[in-house]
Amino acid sequence: MLKRIIQACFIIFGGTLGMFLIPKLLILINADDINYINNPYVTAILGAIIFYIFTFWTIDYVVNFVKWIEEGLVKAPITDLIFGSLGLIVGLFVAFLISFAISAIEVPIVNTIAPILITLLFGYLGFQVGFKKRDELLGLIRNSKKKNPVDEEMAEEEQQQDHSTYKILDTSVIIDGRIADICQTGFIEGTLVIPQFVLEELQHIADSSDALKRNRGRRGLDVLNRIQKELAVKVQFYEGDFEDIQEVDSKLIKLSKVMHGVLVTNDFNLNKVCEFQNVPVLNINDLANAIKPVVIPGEEMNVLVIKDGKEQNQGVAYLDDGTMIVVEDGRDYIGKQIDVIVTSVLQTSAGRMIFAKPKLLEKAL
């Protein structure tokens with residue numbers, strides 16, 4: 001279908017050129033006495049036939065070029081296209097005004113070439129300004145809508161609803177895998193968004209020559225398949241890309257702003273950057289720390305001492321959730337299941353650490 005449309009465009013263009021150029025060509029070669037050729041209908045048909053024959057050599061290149069442009073437009077976010085087009089329209093309008101003023105100059109070369117150059121220049125500048133200033137223009141539009149407290153409250157409610165709708169997953173949280181279990185419990189509502197560039201990064205990790213990275217990448221792909229096929233949660237793939245941004249983390253932040261969604265991650269640094277840029281973020285590690293059982297000093301628990309600690313005579317044990325327990329004077333109990341009494345709890349950025357001592361020593365004292 002596309003080839004037919006392009007061939008039709010070539011035929012129409014060739015017929016138009018034939019009507020205007022072939023008579024002039026006949027005059028140059030002193031063939032204006034051939035009346036049956038020097039006819040608008042005949043010259044139009046000749047031009048159309050010439051360009052139709054020309055399409056047999058050029059049609060594939062033109063079709064590939066059009067498809068390349070189509071793929072780029074489809075992948076681009078709709079906001080980029082809208083504001084880029086508005087900027088292009090404004091640029092062409094300014095170019096028209098300038099060209100109209102220049103037309104008063106009675107210089108043939110200036111009247112002919114200058115309008116073309118001005119149209120191309122201002123059309124390009126208008127598109128670039130509209131494309132690169134889209135965030136500021138969106139901010140102006142939103143601020144103009146907030147004219148009274150009622151409008152501000154409605155805007156905030158709509159924004160909160162949007163935030164609860166889209167949950168954008170990054171690579172770390174997909175590889176971690178706990179997001180699938182959380183979705184299965186129903187604590188995550190709305191639509192999970194899987195960006196195409198995150199999927200490409202996962203595939204790149206899964207194809208790595210390093211065995212550890214390869215296993216992590218394949219685990220992430222398995223988690224995505226489980227979320228899509230086994231869980232009752234909406235999954236949406238975002239096929240767009242931000243070609244002017246190189247880092248995947250920066251692309252995720254940009255996508256969160258464009259979609260007004262929440263970024264779900266395990267990356268501590270990405271979490272801090274999102275907070276700095278006022279991007280809503282959910283950190284699975286923060287959720288895990290929040291739901292850990294509360295342990296208070298004096299509480300008893302039964303643990304398995306598995307190795308010695310850093311300090312002398314210390315033993316180390318772990319809870320089921322991975323919390324480390326440092327057992328004072330527990331080195332002699334390595335490999336044994338013993339009762340301990342909690343002495344203190346230390347909460348750090350890396351997690352929680354519990355200090356305890358064997359209950360047998362407590363009784364002896």
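Welcome! Start by selecting N271, which counts as buried because its relative accessibility is 7%, under the 20% cut-off. Keep in mind during the tour that this is a predicted model.

Now colour residues 268-276: this is helix α12, the home of N271. Which residues does N271 touch, leaving aside those up to four places away in sequence? Show V281, N283 and D286 to see them.

Next, bring up the sheet. It is open and has five strands, paired in parallel and ordered β3-β2-β1-β4-β5. Pick out the edges by selecting 234-238 for β3 and 281-283 for β5; each of these strands pairs on one side only. As you step from one strand to the next, the twist averages 30 degrees.

Stay at the β3 edge and add residues 191-195, which form strand β2. Five bridges join β2 and β3 in the parallel sense. For one of the bridge pairs, select P195 together with its partner in β3, Y238.

For the last stop, select two helices: α8 at residues 178-185 and α10 at residues 211-230. How do two packed helices get described? By the angle between their axes and the distance between the axes. Here the angle is about 15 degrees and the axes lie 9 Å apart. Helices α8 and α10 are therefore roughly parallel to each other, since angles under 35 degrees count that way. Their crossing is left-handed.

Finally, show the side chains where they meet: I179, A180, D181 and Q184 from α8, with V223, R226 and I227 from α10. By class, this contact of α8 with α10 holds four nonpolar residues, one polar and two charged.

Terms used
Residues are numbered from 1 along each chain as its sequence is written. This is a predicted model: local features need pLDDT of at least 70, side-chain atom pairs count only at pLDDT 80 or more; totals for chains, interfaces and linings use all residues. Side-chain values use heavy atoms; hydrogens and water are left out. Helices (H or I, at least four residues) and strands (E, at least two) are DSSP runs, numbered from the N terminus. Buried means under 20% relative accessible area, exposed over 50%, partly exposed in between (1.4 Å probe, protein chains only). Contact means heavy atoms within 4.5 Å. Two strands pair if DSSP finds at least two bridges between them. Axes are lines fitted to C-alpha atoms, for helices over the stretch in contact, and angles run from 0 to 180 degrees between N-to-C directions. Angles under 35 degrees count as roughly parallel, over 145 as roughly antiparallel, 65 to 115 as roughly perpendicular and the rest as oblique. A crossing is left-handed if the near helix is turned anticlockwise from the far one by less than a right angle, and right-handed if clockwise. Ala, Val, Leu, Ile, Met, Phe, Trp, Tyr, Cys and Pro count as nonpolar, Asp, Glu, Lys and Arg as charged, and the others, Gly among them, as polar.
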